[in-house]
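Student: I'd like a close look at one part of this model, the place where the two chains meet. Could you walk me through that interface and then set it beside the contacts between domains inside each chain?

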Amino acid sequence: MINGAEIMVKCLENEGVSVIFGYPGAAICPFYDALLDSDIRHVLVRQEQNAVHAASGYARSIGKPGVCVATSGPGATNMITGIATAYTDSIPIIAITGQVRSDLLGRDVFQEADITGACEPFVKHSYLVKDTADLPRVFKEAFHIATTGRPGPVLIDVPIDIQQNKLEEFVYPEKANIPGYKPNVKGHAVQIKRAAQLIRESSRPIIVAGGGVLTSGVKLKLVDFAVTTGIPVVSTMMGIGVMPSEHRLYLGMLGSHGKGVANRAIHESDLLIVCGARLGDRAVAAPDQVSERSKIIHIDIDPAEIGKNIKTTVPIVGDMRDIMERLPKEVGDYHVPKMWDETVERWKTELFKIPQTFEGYVEPRGFVAALSKMLPSKAILVADVGQNQIWCANNFRIKEGRFLTTGGMGTMGYSIPAAIGAKFARPTREVVVVCGDGSFQMGMNELGTIAQNHMNIKIVIMRNVRLGMVRELQKNLYKGRYSATMLDDEAPDFQKIAEAYHIPSAFASTNEEAEKIAAEMLKSDSSFMLVCNVSPDTPSI
Amino acid sequence: MKHTLTVLVENQAGVLSKISGLFSRRGFNIDSLAVGVTNDPKLSRMTIVADGDDYVLEQLEKQLNKLIPVIKVKAFEEGNYISRELALIKVNCTTQKRPELMKLAEMMSAKVADVGQSTVTIEFCDTAEKGEVLINLLKPYGIREIVKTGTIAIEKGAASVTS
């Protein structure tokens, strides 16, 4: 005989899960009990939202789904922001929640929350399991749904009696069979031919690469295609890393907080090849103007993204992996005209400018650039949300590593838990967090997780004692009427917080100091906190 | 513009809330939604009448298709389908007026479902548009209550939702 909780653990083992992130509670206790007899490593986080962010960092770093666990009621509701963040960023997550006894559902008993109902808008799919015998099928389907097509979070809510009930034996299904779920991965041959035709006829084409390119694992193919054809590449925030920042054809991140040259390149192009990007409002503010000027090829695995934000000349529904295999062959020996080549070359020289500095402060943009040059090629940089995110997005010189941040939801407090997940996925890689003093204070409880697991994560806090991004907005759009964007100059003392968790730290108020400390901290294999004093007047861009 | 869609779904708990939730959060306007089980007890079929331009219709179909329990979505083309809506209309009616009302019902191919001391309840099953015509004709009598099922629709000829 085997109980439901043991079945859940066996399902995870069958899916090759080795690390999960979670926080226990009464309604998930049977699962936690069964976990003791498994080799799966459980990482105890300090708040359930961070379990999801950690799972997200894990998933993005290793290309497998991240698994997180919480109890019913508040444990589950705390997860919602994490789940919503993973949903907008299309990250494969399996979120498991305990639930009150199935015969008590709907009676508002202690720690009962309708979590499948509450998460409805933020999950790719969800299950409320009503029969222990359904567990193997549900887990098989959940992993299949989370990882195929456009990835996303899947929630499995398991009442405690379903975890306790016993079955004769455990059989894990070999395949998921879901009649209403058949994602289309193969691009339509005619559409690929039409797209190739457009490319051959274009004189100023540009590739707009999004997170889908990274999800499909075809960045090298995309770089090959760009190099062969001479087509320049800009990326969305989620697409940063599709090409090394210093590559001659890479023109930076587009959008309202992106690089001027990237936006100019979009403006002057006659053909956009949009790859695995949804082109949200922060990426393209006036999509109608773009589609009036240029032709647009839109490649995405999610048909609902095509035509949603921007009018498309040639849509291709499919996996970038398939399209990148076939499209370059159809395009043949096309190369962009010399004039476009030269324009791109000129823009490239303007991409990285030396920013204005402020006396007595670390210039964050210059420091991010300097820091990234010190990092190993495959380092993972995790940025939080706010000015720190934009400083990193525009100045991190990525090579073969990853840039992790939340592009769609923009959830403050993402960086530290996501870095924890990334480090568990890639223990040998250097993992560096860059956050603001606002976002740090939303995620700093996870220093406990870092300390408890003796992790090596470097944390850089850009301390400007402001909620800088909102303050900048208030400066520009609200006539400098600063409302609730001031933090406390006196407290907290970040270094004392680091000390409380036995994490060594240092403070820098010039770039020279910061760079010296950074070089030292990267030599050590323990965690480190570097607090950079940043001027409140440093702009995002 | 009104669109009539038929949606084949897995017959399981929570599907209706998934679909109605999708409509409200994406800002689609539903005129009516009717649902019932099909000849395959594992499947239910919904008929949704929604309002919106072509962009809205395209998004509606695509977003519905993304829901895992949704098996098939089909937007019907004008003139290619038959639609019906059942309405029960309770109107004021004294005994003196009764013959006149019965006559009207007969003319419109409506049935008299119930006769009371001071009311008559008319049962009418036809397109939503014809239902509106009848309701307008009944207004002078004084309408007490109207209850409708929402439109259901099926394609003409041999075409089926899965073809």
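Tutor: Here is a walk through the chain interface, followed by the domain contacts within each chain. Keep in mind that this is a predicted model.

Let's start with the interface itself. On the chain B side 16 residues are in contact with 17 residues of chain A. Putting the two chains together buries about 1,300 Å², and carbon and sulfur atoms give 52% of that. Within chain B, the residues that lose the most area to chain A are B:Lys18, B:Lys66 and B:Ile68, which together make up 42% of what that side buries.

B:Lys66 turns up again when you look for charge pairing. The rule finds one salt bridge across the interface of chain B and chain A, and B:Lys66 makes it with A:Asp302, at 2.6 Å from N to O. Alongside that, there are five residue pairs in polar contact between the chains, counting pairs with both residues at pLDDT 80 or more.

As for which elements of chain B do the touching, helix H1 (15–25), helix H2 (54–66) and strand S4 (70–75) each supply at least two residues. H2(B) has the largest share, with seven residues. By class, the side of chain B that touches chain A comes out as six nonpolar, three polar and seven charged residues.

Now for the domains within chain B. The chain is split into domain 1 (2–75) and domain 2 (81–152), and their C-alpha centres lie 29 Å apart. Six residues of domain 1 are in contact with five of domain 2. The two domains bury about 380 Å² between them, 61% of it on carbon and sulfur atoms. On the domain 1 side, B:Thr4, B:Ala34 and B:Thr47 supply 68% of the buried area, more than any other three residues.

There are zero salt bridges between these two domains, but the rule does find two residue pairs in polar contact, both residues at pLDDT 80 or more. Strand S2 (29–37) and strand S3 (43–51) of chain B each bring at least two residues to the domain 1 side. S2(B) gives the most, with three. That side of domain 1 divides into three nonpolar, three polar and no charged residues.

Over in chain A, the assignment gives domain 1 (2–167), domain 2 (189–351) and domain 3 (364–533). The C-alpha centres of domain 1 and domain 2 are 37 Å apart, and each of these two domains puts six residues into the contact. The area buried between them is about 500 Å², with 58% from carbon and sulfur atoms. In domain 1 of chain A, A:Asp89, A:Gly149 and A:Arg150 lose the most area to domain 2, together 67% of what that side buries.

Here the rule finds two salt bridges across the interface of domain 1 and domain 2 of chain A. A:Arg150 also pairs with A:Glu305 in a salt bridge, where the closest N and O atoms are 2.8 Å apart. Two residue pairs are in polar contact across this same interface of chain A, again both at pLDDT 80 or more. The touching side of domain 1 of chain A has one nonpolar, two polar and three charged residues.

One last stop in chain A is helix H17 (residues 415–425): eleven of its eleven residues are buried, so the helix is largely enclosed by the rest of the structure. Among those buried residues are A:Ile416, A:Phe424 and A:Lys423.

Key. Residues numbered from 1 in each chain as written. Chains lettered and ligands numbered in written order. Predicted model: local features only at pLDDT ≥ 70, side-chain atom pairs only at ≥ 80, totals over all residues. Heavy atoms only, no water. Domains from an automatic or database assignment. Contact = heavy atoms within 4.5 Å. Buried area = accessible area lost by both parts, 1.4 Å probe. Salt bridge = Lys/Arg side-chain N within 4 Å of Asp/Glu carboxyl O. Polar contact = N/O pair within 3.5 Å; in protein donor to acceptor, adjacent residues only side chain to side chain. Helix = DSSP H or I, 4+ residues; strand = E, 2+ residues; numbered from the N terminus. Nonpolar A, V, L, I, M, F, W, Y, C, P; charged D, E, K, R; others polar. Buried < 20%, exposed > 50% of the residue type's maximum accessible area, 1.4 Å probe, protein only.
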